Amino acid sequence: MRIATWNVNSLKVRLPLVLDWLGRQAPDVMCLQELKLEEAKFPRAEIEAAGYQSAVFGQKTYNGVAILSRAPLAEVQTGIPGYPDAQSRVLTATASQVRVVCAYVPNGQAVGSQKYDYKLQWFAAFGQWLKQELARHPRLAVLGDYNVAPEDRDVHDPKTWEGQVLCSGPEREALRHLLGLGFKDSFRLFEQPEKSYTWWDYRMNAFRRNLGLRIDHILLSPELAGRCSGCIIDLEPRRLERPSDHAPVIAELTG
DNA sequence: ATGGCTATGTAGCATAGA
């Protein structure tokens, strides 16, 4: 079973790239973030023609997440239960006996800002809920844009980014808390190239110079981590015309 | 030198992303 995540930064603009990518990589489950469209404008017919069912939690202009799956999707749930949130950031569904969470963690804008406070509060609610989900679903995968670079090796220039949003201590602590619940960062289960990133600023030729951050992750419950045979970042779509600023991440599960 | 680029909403620029 191949599961993947990709922040597409507008599904309307990126649909051709997404369809092309689905055709070439053929994931069983694909989590998308930053759709930037309402459910009524979701391109369901095109996605279906590519062989995928979809669950959608949309929003006009900002946020919006979706789960695509070759197998039927069951028990679809939107948001974090018990945490009212006007922003569409979390979507959960079961596909082939695996509970899949698609998450778009708040960006946080700047350390100390209101949006940063929202990010940390959001993370706390997310962690509380995931602890319960983990108890209910031994086969649990949490994929998405976490907007946190876990360690300095996930940052092209740790000195410049030290203490900045996406790299600050409290954000890293919030992500580490999820790992403390038992989740594994699937990417780090394997030997990886140095300077592996999933996001590069559109400006300053950042991608060509590989000035990036690794902020998109696939976290796996202990049982799924034991079944994980590989995890890679696919740089190819970032090289294309009109790319998303994020690259997709893919994990392979056996059994 | 605090910009740079992209997308959205909306008709000029403002907001947001990371």
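Which residue stands opposite Leu219 in β12? That would be Asp185. Before going on, keep in mind that what you're looking at is a predicted model.

**The sheet**

Let's start with the open sheet that this pair belongs to. There are 6 strands, in the order β5-β6-β7-β8-β12-β9, and the pairing is mixed. At the edges sit β5 and β9 (184-185), each pairing on one side only.

Here is how some of the neighbours pair up, strand by strand:

| Strands | Sense | Bridges |
|---|---|---|
| β6 and β7 | antiparallel | 6 bridges |
| β7 and β8 | parallel | 6 bridges |
| β8 and β12 | antiparallel | 5 bridges |
| β9 and β12 | antiparallel | 2 bridges |

You can pick out facing residues along these pairs. Between β6 and β7, Thr94 stands opposite Arg99. Moving on to β7 and β8, Ala103 has Gly144 as its bridge partner, and Tyr104 stands opposite Asp145. Then, from β8 to β12, Leu143 stands opposite Ile218.

β6 and β7 also make a hairpin, with 2 residues between them. Look for Ser96 in that turn: its phi is positive, at about 50°.

**Two covered strands**

Now take β7, which covers residues 98-104. Here 7 of its 7 residues are buried. One side carries Val98, Val100, Cys102 and Tyr104, the other carries Arg99, Val101 and Ala103, and both faces are covered.

β12 has a similar story to tell. Because 5 of the 5 residues of β12 are buried, this strand is largely enclosed by the rest of the structure. Asp216, Ile218 and Leu220 point one way, while His217 and Leu219 point the other way.

**Helix α5**

Next up is helix α5, which is made of the 12 residues 169-180. At 1.5 Å a residue it should span 16 Å, and its end C-alpha atoms are indeed 16 Å apart, so the two values agree.

Which residues of α5 are buried? They are Glu171, Ala174, Leu175 and Leu178. Seen down the helix axis, the buried residues of α5 fall within an arc of 90°, so they line one face. Here's the idea behind that: an α-helix has 3.6 residues a turn, so residues three or four places apart point the same way.

What does the buried side of α5 pack against? Its buried residues pack against α3 (114-136) and β12 (216-220), and that second partner is the largely enclosed strand from before. Over on the other side of α5, Gly169, Arg176 and Gly180 are exposed. After the helix comes Gly182, with a positive phi near 125°.

**A loop residue: Gln87**

Gln87 is in the loop between β5 (73-78) and β6 (90-95). Is Gln87 buried or partly exposed? With 14 other C-beta atoms within 10 Å, Gln87 is partly exposed. Leaving aside neighbours within four places in sequence, its contacts are Gln59, Tyr62 and Asn63. Gln87 and Gly144 are 57 residues apart along the chain, and their C-alpha atoms are separated by 15 Å.

**Around the DNA**

Finally, have a look at DNA strand B, which has 22 residues around it. The ones that come nearest are Ser10, Thr61, Asn107, Tyr202 and Arg203. What classes of residue make up the surface near DNA strand B? There are 7 nonpolar, 7 polar and 8 charged residues.

Notes: Residues are numbered from 1 along each chain as its sequence is written. Chains are lettered from A and ligands numbered from 1 in the order in which they are written. This is a predicted model: local features need pLDDT of at least 70, side-chain atom pairs count only at pLDDT 80 or more; totals for chains, interfaces and linings use all residues. A residue is near a molecule or strand if its C-beta atom, placed from the backbone, lies within 6 Å of it. Ala, Val, Leu, Ile, Met, Phe, Trp, Tyr, Cys and Pro count as nonpolar, Asp, Glu, Lys and Arg as charged, and the others, Gly among them, as polar. Helices (H or I, at least four residues) and strands (E, at least two) are DSSP runs, numbered from the N terminus. The expected span of a helix is 1.5 Å times one less than its number of residues. A residue is buried if 20 or more other C-beta atoms lie within 10 Å of its own, exposed if 12 or fewer, and partly exposed in between; C-beta atoms are placed from the backbone. The arc is that of the directions from the helix axis to the C-beta atoms. Two residues are in contact if their C-beta atoms, placed from the backbone, lie within 7 Å. Two strands pair if DSSP finds at least two bridges between them.
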